[in-house]
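Here's a quick briefing to read alongside the structure. It looks at the ligands and the space they occupy.

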Amino acid sequence: MEPNAREGHLVVISGPSGVGKSSICRRLVDDPRIEMSVSATTRPRRAGEVDGKDYHFLDRDEFERLIQTGGLIEWAEYVGHLYGTPREQLERTIDAGRIALLDIDVQGGRQVMEHYPDAVTIFIDPPGGDMAVVEQRLKGRGTDSPRQQARRIERARQEFQQRGFYRHRIANDDLQTAVEDIRRIIFQ
Ligand code: ADP
Ligand code: 5GP
């Protein structure tokens with residue numbers, strides 16, 4: 001199957017923290033036609049994360065320089081840290097005829113919608129549309145301080161309110177089903 005030319009080659013995945021975006025994206029990139037966009041961030045690296053693979057971990061000065069030189073197609077502040085999509089990798093992916101997959105927050109998603117109206121935008125809903133499931137996961141994750149957890153939960157609720165901006169909505173009740181639903185959207 002060829003990617004749908006009308007839809008373009010940019011796929012945005014957004015959704016509340018803990019809903020399963022990274023898990024979904026990890027499976028989607030098993031397909032050689034799809035390449036994950038590696039974001040820049042000022043967030044400290046979590047155990048197990050690899051610089052250049054999970055994120056480009058930058059200090060605030062380096063990140064601000066990227067903004068000033070037009071090196072990011074979008075960027076946003078998320079619970080105290082900056083996150084952005086590097087332009088160079090994205091253009092390389094698209095020029096090579098591949099699909100660029102972006103796991104970004106709703107602020108970033110809305111910037112992409114404005115600049116790339118053909119982008120395929122997908123919001124991931126929690127199981128049964130119930131945010132309580134996601135909130136329990138965030139509390140149990142252990143990677144964030146209680147204060148960070150509370151801020152992420154608050155932010156997750158705000159993001160959920162904005163789900164209507166996305167062209168597609170997929171519930172992540174069952175991971176494999178969600179991945180298949182998304183593959184169908186991308187290669188319809
Ligand atoms: P996000 O990237 O949106 O923050 P993650 O992919 O890190 O979310 O997933 C958060 C947690 O939920 C992980 O422990 C992951 O294994 C789990 N998870 C993801 N999808 C499902 C699912 N469909 N059913 C049960 N657990 C899931
Ligand atoms: P985390 O800290 O859990 O890895 O990510 C926090 C949030 O930042 C998630 O919603 C994730 O989708 C978002 N994010 C990751 N990279 C980017 C990016 O490049 N731009 C924007 N706007 N958000 C991002």
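An oxygen atom of ligand 2 has a polar side-chain atom of Asp-103 2.6 Å away. Keep in mind that this is a predicted model. Ligand 2 sits in the largest pocket, and that pocket is also the space taken by ligand 1.

**Ligand 2**

- Besides Asp-103, Arg-152 also reaches an oxygen atom of ligand 2, with a polar side-chain atom 2.7 Å from it.
- Asp-105 deals with a nitrogen atom of ligand 2 instead, and its polar side-chain atom is 2.8 Å away.
- On its own, ligand 2 would expose 510 Å², and the protein buries 95% of that.
- Two elements, β5 and β6, give two or more residues to the shell around ligand 2.
- Altogether 16 residues surround ligand 2, and those that come nearest are Ser-39, Arg-43, Tyr-55, Tyr-83 and Asp-103.
- Sorted by class, that shell holds seven charged, five nonpolar and four polar residues.

**Ligand 1**

- The shell around ligand 1 has 14 residues, with Gly-18, Lys-21, Ser-22, Ser-23 and Asn-172 the closest.
- Gly-18 places a polar backbone atom 2.8 Å from an oxygen atom of ligand 1.
- A nitrogen atom of ligand 1 lies 3.3 Å from a polar side-chain atom of Arg-137.
- Asp-173 uses its backbone here: one of its N or O atoms is 3.3 Å from a nitrogen atom of ligand 1.
- Alone, ligand 1 has 570 Å² of accessible area, of which the protein covers 66%.
- Which element gives the most to the shell around ligand 1? That would be α1, with three residues.
- The class split for this shell is six polar, five charged and three nonpolar residues.

**The pocket they sit in**

- The largest pocket holds about 1,100 Å³ of space.
- Its lining takes in 39 residues, and nearest the centre are Ser-22, Arg-46, Glu-49, Tyr-55 and Asp-103.
- Ser-22 also turns up among the closest residues to ligand 1, while Tyr-55 and Asp-103 are among those nearest ligand 2.
- At least two lining residues come from each of α1 (21–28), β5 (72–78), β6 (81–86) and α6 (146–161).
- The largest share of the lining, five residues, belongs to α1.
- By class, the lining is made up of 14 charged, 13 nonpolar and twelve polar residues.

Notes. Residues numbered from 1 in each chain as written. Chains lettered and ligands numbered in written order. Predicted model: local features only at pLDDT ≥ 70, side-chain atom pairs only at ≥ 80, totals over all residues. Heavy atoms only, no water. 1 Å grid on protein atoms, 1.4 Å probe; cavity = no way out; pocket = protein on both sides within 12 Å on 5 of 7 lines; lining within 4 Å. Points joined across faces, edges and corners; volume = space filled by probe spheres on them. Helix = DSSP H or I, 4+ residues; strand = E, 2+ residues; numbered from the N terminus. Nonpolar A, V, L, I, M, F, W, Y, C, P; charged D, E, K, R; others polar. Near = heavy atom within 4 Å. Polar contact = N/O pair within 3.5 Å; in protein donor to acceptor, adjacent residues only side chain to side chain. Areas by Shrake-Rupley, 256 points an atom, 1.4 Å probe, with all protein chains shown as cover. Sits in = over half its atoms within 2 Å of the grid points.
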